[in-house]
Each structure stands twice: as C-alpha cells, then as structure tokens.
Amino acid sequence: MEVKVSVKGIPRVVCGVTEETTCQDVVLVLAQSLGQPGRYALREKFKDFERCMTPNERLLETLKKYGEQAKEVQLSLQHGGVSFDPIYERSLWAVNKFPN
C-alpha cells in the first residue's frame with residue numbers, strides 16, 4: 001500500500017506499507033531520502049485533531065480507525081527543533097544513522 005506524507009511541504013509517497021509497518025519505519029525511509037540525521041516525528045492531522053504518532057505505532061492500523069474518512073488524514077514528517085511542548089519532545093526519536 002502507498003501512504004502520502006508531507007515532507008517540508010512537499011507530498012511524498014511511501015510505497016510498500018503493510019500491516020506490520022511502524023511509524024518509525026516510515027520515518028527512517030523519509031529521513032534517509034532527505035539525508036539528514038536528526039530527531040523526527042510523524043504527525044497525524046484530521047480536521048481539528050493533531051498529534052505526534054509513536055514510533056512503534058502501526059500506521060495502517062491507526063488509519064483504519066478513521067474508516068472512510070482515512071483519506072482526509074494528513075501525515076507529515078516533523079524535524080525536531082526547539083520546542084517547549086513536553087508531549088511533542090517525547091514523541092520525537094533520533095535518526096542518527098541509516099541502515100545500509
């Protein structure tokens with residue numbers, strides 16, 4: 001399955017997403033394509049609801065909870081910067097190096 005994720009305002013398509021694919025898997029692929037190690041989070045937005053997804057969260061499982069409205073969910077890759085939001089900071093995870 002394909003999933004669309006906004007990266008720096010540019011829509012990207014992540015292919016090969018399965019029931020077992022975690023948010024961390026998606027983040028690693030996207031960060032690798034950028035070539036920028038750092039702290040990243042996958043952000044989920046649906047209407048007025050917005051949150052950072054957890055690294056071990058299964059992406060398709062989360063999207064299925066929206067049913068027919070899943071197409072309206074917007075995903076974006078967030079690069080960790082200075083933040084005073086402790087919930088946001090806990091949702092970031094480090095991408096220090098990429099698998100070969």
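The questions and answers below walk through a predicted model of one chain.

Q: In what order do the helices and strands of the chain run from the N terminus on?
A: The chain holds three helices and six strands. Two strands come before the first helix. From the N terminus on, the full order is β-β-α-β-β-α-β-α-β.

Q: What share of the contacts between residues at least 6 apart in sequence join residues at least 24 apart?
A: The chain has 100 residues, and 37% of them are buried. Take the contacts in the chain between residues at least 6 apart in sequence. The share of these that join residues at least 24 apart is 62%.

Q: Which residues of strand β1 point to the buried face?
A: In a regular strand the side chains alternate between the two faces of the sheet. Strand β1 covers residues 3-7, and its side chains do alternate. K4 and S6 point to one face and are not buried. The buried residues on the other face are V3, V5 and V7.

Q: Which residue of β2 stands opposite V3?
A: β1 runs antiparallel to strand β2, residues 10-14, and five bridges join the two. Their hairpin has two residues between the strands, and K8 takes a positive phi near 55° there. Opposite V3 in β2 stands V14.

Q: Which residue of β5 stands opposite S6?
A: β1 also pairs with strand β5, residues 74-79. This pairing is in the parallel sense, over two bridges. Opposite S6 in β5 stands S76.

Q: Why is the one aromatic pair described as tilted?
A: A pair of aromatic rings is described by the distance of the centres and the angle of the planes. Stacked needs planes under 30 degrees apart, and edge-to-face needs over 60. The rings of F46 and Y66 have centres 4.8 Å apart and planes at 50°, so the pair is tilted.

Q: Where in the chain does Y66 lie?
A: Y66 and F46 are both buried. Their pair links distant parts of the chain, 20 residues apart. F46 is in strand β3, residues 38-46. Y66 is in the loop between α2 (59-64) and β5.

Q: Which element gives the largest share of the lining of the largest pocket?
A: The largest pocket has a volume of about 380 Å³. It is lined by 16 residues, and V3, L63, A70, K71 and V73 lie nearest its centre. β1, α2 and β5 each give two or more residues to the lining. The largest share, four residues, comes from β1.

Definitions and conventions: Residues numbered from 1 in each chain as written. Predicted model: local features only at pLDDT ≥ 70, side-chain atom pairs only at ≥ 80, totals over all residues. Heavy atoms only, no water. Buried < 20%, exposed > 50% of the residue type's maximum accessible area, 1.4 Å probe, protein only. Contact = heavy atoms within 4.5 Å. Pairing = 2+ DSSP bridges. Phe/Tyr/Trp six-rings, centres within 6.5 Å; stacked < 30°, edge-to-face > 60°. 1 Å grid on protein atoms, 1.4 Å probe; cavity = no way out; pocket = protein on both sides within 12 Å on 5 of 7 lines; lining within 4 Å. Points joined across faces, edges and corners; volume = space filled by probe spheres on them.
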